[in-house]
Amino acid sequence: MALSEADVAECMKIMTKLKRNKESAAFRQPVDAVKLGIPHYHDIITSPMDLHTIEQNLKVYRYHTVHDFAADVRLIWSNCEKFNGKDNGFTESAGILDGIFTQWLEEFLKKKGEVGSAQVTAQEMDLDQKRQLCEKISSASPKQLGQIVVIIHKYMPGIFKGTGPDVEEVEINADLLSTAALREIEAFLKEES
C-alpha cells in the first residue's frame with residue numbers, strides 16, 4: 001500500500017521547500033557525470049538519487065511509507081558525502097538541507113503519532129547494531145529474506161551483478177550498505193516480528 005494522498009501532499013511541500021533553498025542547486029536534478037567531468041561517479045555511487053527523481057516517485061505513489069520517502073531523501077545526502085568527502089561545500093549544503101528535512105520529518109511523524117522515528121532513521125549504525133541486525137537477518141524466513149533483497153536492491157541496484165537465478169546463497173557485507181538501507185531493513189524486521 002502506498003502513502004496516502006494527504007501524506008504525498010505533505011511530502012511534496014517539503015520537496016518544494018528543499019528545492020527553493022539555495023543550498024539545493026546541486027541536488028535538484030540527477031548528477032550528469034559526463035557534463036561535470038566525473039566519469040567515475042557511478043563507480044562510487046551505485047544508487048544515485050536527486051530531488052527531481054524523488055518528486056517523480058511521489059507523483060506515481062512509489063513510496064509505501066514516509067520512511068521510504070525519507071530514506072531516498074537521505075540517500076542524496078549520504079551519496080554526496082560518500083563522493084565528495086566530509087569537508088566539502090556540497091556536503092555542507094547537504095548537511096543544511098538535512099537539518100531542514102529532519103525538522104520537517106520530526107513534525108510530520110509527531111502529527112502521525114510516530115514520535116522519535118525521525119532520529120532513528122537518520123542515525124548511523126554502530127558496529128554492535130550492525131552485528132545485531134545481521135543476526136536477525138540470518139534468522140529471517142525465506143519470504144523475509146526476499147524482501148530484504150528487494151530493499152538492498154532499491155539502494156544498491158548493482159550489488160547483485162554476476163549472480164543468477166540459480167544462486168542459492170548471497171553474502172552481503174553490512175558495511176557496504178547505506179544507513180538508509182540498514183535502517184529500512186531494521187524497520188521491516190521489526191514490523192515482521
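Is Leu 51 buried or exposed? Leu 51 is buried, at a relative accessible area of 0%. The legends below refer to a predicted model.

**View 1. Leu 51 and its surroundings in helix α3.**
Leu 51 sits in helix α3. Its relative accessible area of 0% falls under the 20% cut-off, so Leu 51 counts as buried. Beyond residues up to four places away in sequence, Leu 51 touches Met 15, Leu 18, Lys 19, Ser 24, Phe 27, Arg 28 and Ile 76. One of these partners, Ile 76, lies 25 residues from Leu 51 along the chain. The C-alpha atoms of Leu 51 and Ile 76 are 7.9 Å apart.

**View 2. Packing of α1 against α3.**
The axes of α1 and α3 are 10 Å apart and make an angle of about 165°. Angles over 145 degrees count as roughly antiparallel, and α1 is therefore roughly antiparallel to α3. The crossing of α1 past α3 is left-handed. From α1, the contact draws on Val 8, Cys 11, Met 12, Met 15, Leu 18 and Lys 19. From α3, Leu 51, Ile 54, Glu 55, Leu 58 and Lys 59 take part. Sorted by class, the contact of α1 with α3 has 8 nonpolar, no polar and 3 charged residues.

**View 3. Packing of α3 against α4.**
The axes of α3 and α4 come within 10 Å and cross at roughly 170°. The two helices, α3 and α4, are therefore roughly antiparallel to each other. The crossing of α3 past α4 is right-handed. On the α3 side, the meeting residues are Leu 51, Ile 54, Asn 57 and Leu 58. On the α4 side, they are Phe 69, Asp 72, Val 73 and Ile 76. By class, 6 nonpolar, 1 polar and 1 charged residues make up the contact of α3 with α4.

**View 4. Tyr 61 in the loop between α3 and α4.**
What is the backbone phi of Tyr 61? Tyr 61 has a positive phi of about 55°, although it is not a glycine. Tyr 61 belongs to the loop that runs between α3 (51-59) and α4 (66-84). Its relative accessibility is 35%, so Tyr 61 counts as partly exposed.

**View 5. Asn 79 in helix α4.**
Asn 79 is part of helix α4. At 7% relative accessibility, it lies under the 20% cut-off and so counts as buried. Which residues does Asn 79 contact, leaving aside its neighbours within four places in sequence? They are Tyr 41, Ile 45, Ser 47, Pro 48 and Met 49.

**View 6. The salt bridge of Lys 13 and Glu 10 in helix α1.**
The structure holds 7 salt bridges. One of them joins the side chains of Lys 13 and Glu 10, at 3.2 Å from N to O. Lys 13 and Glu 10 are 3 residues apart in helix α1 (residues 5-20), so about one helical turn separates them. Lys 13 counts as exposed because its relative accessibility is 52%, over the 50% cut-off.

**View 7. Linked salt bridges of Asp 128, Arg 131 and Glu 135.**
A network of salt bridges links Asp 128, Arg 131 and Glu 135. Within it, the side chains of Asp 128 and Arg 131 meet at 2.5 Å, N to O. Asp 128 and Arg 131 stand 3 residues apart in helix α7 (residues 127-138), which means a separation of about one helical turn. Asp 128 is partly exposed, at 38% relative accessibility. Arg 131 is also partly exposed, with a relative accessible area of 42%.

**View 8. The salt bridge of Arg 183 and Glu 186 in helix α9.**
Arg 183 forms a salt bridge with Glu 186. The closest N and O atoms are 2.8 Å apart. Why are Arg 183 and Glu 186 separated by about one helical turn? Because they are 3 residues apart in helix α9 (residues 179-192). Are Arg 183 and Glu 186 buried or exposed? Both Arg 183 and Glu 186 are buried.

How values were computed:
Residues are numbered from 1 along each chain as its sequence is written. This is a predicted model: local features need pLDDT of at least 70, side-chain atom pairs count only at pLDDT 80 or more; totals for chains, interfaces and linings use all residues. Side-chain values use heavy atoms; hydrogens and water are left out. Helices (H or I, at least four residues) and strands (E, at least two) are DSSP runs, numbered from the N terminus. Buried means under 20% relative accessible area, exposed over 50%, partly exposed in between (1.4 Å probe, protein chains only). Axes are lines fitted to C-alpha atoms, for helices over the stretch in contact, and angles run from 0 to 180 degrees between N-to-C directions. Angles under 35 degrees count as roughly parallel, over 145 as roughly antiparallel, 65 to 115 as roughly perpendicular and the rest as oblique. A crossing is left-handed if the near helix is turned anticlockwise from the far one by less than a right angle, and right-handed if clockwise. Contact means heavy atoms within 4.5 Å. Ala, Val, Leu, Ile, Met, Phe, Trp, Tyr, Cys and Pro count as nonpolar, Asp, Glu, Lys and Arg as charged, and the others, Gly among them, as polar. A salt bridge is a side-chain nitrogen of Lys or Arg within 4 Å of a carboxyl oxygen of Asp or Glu.
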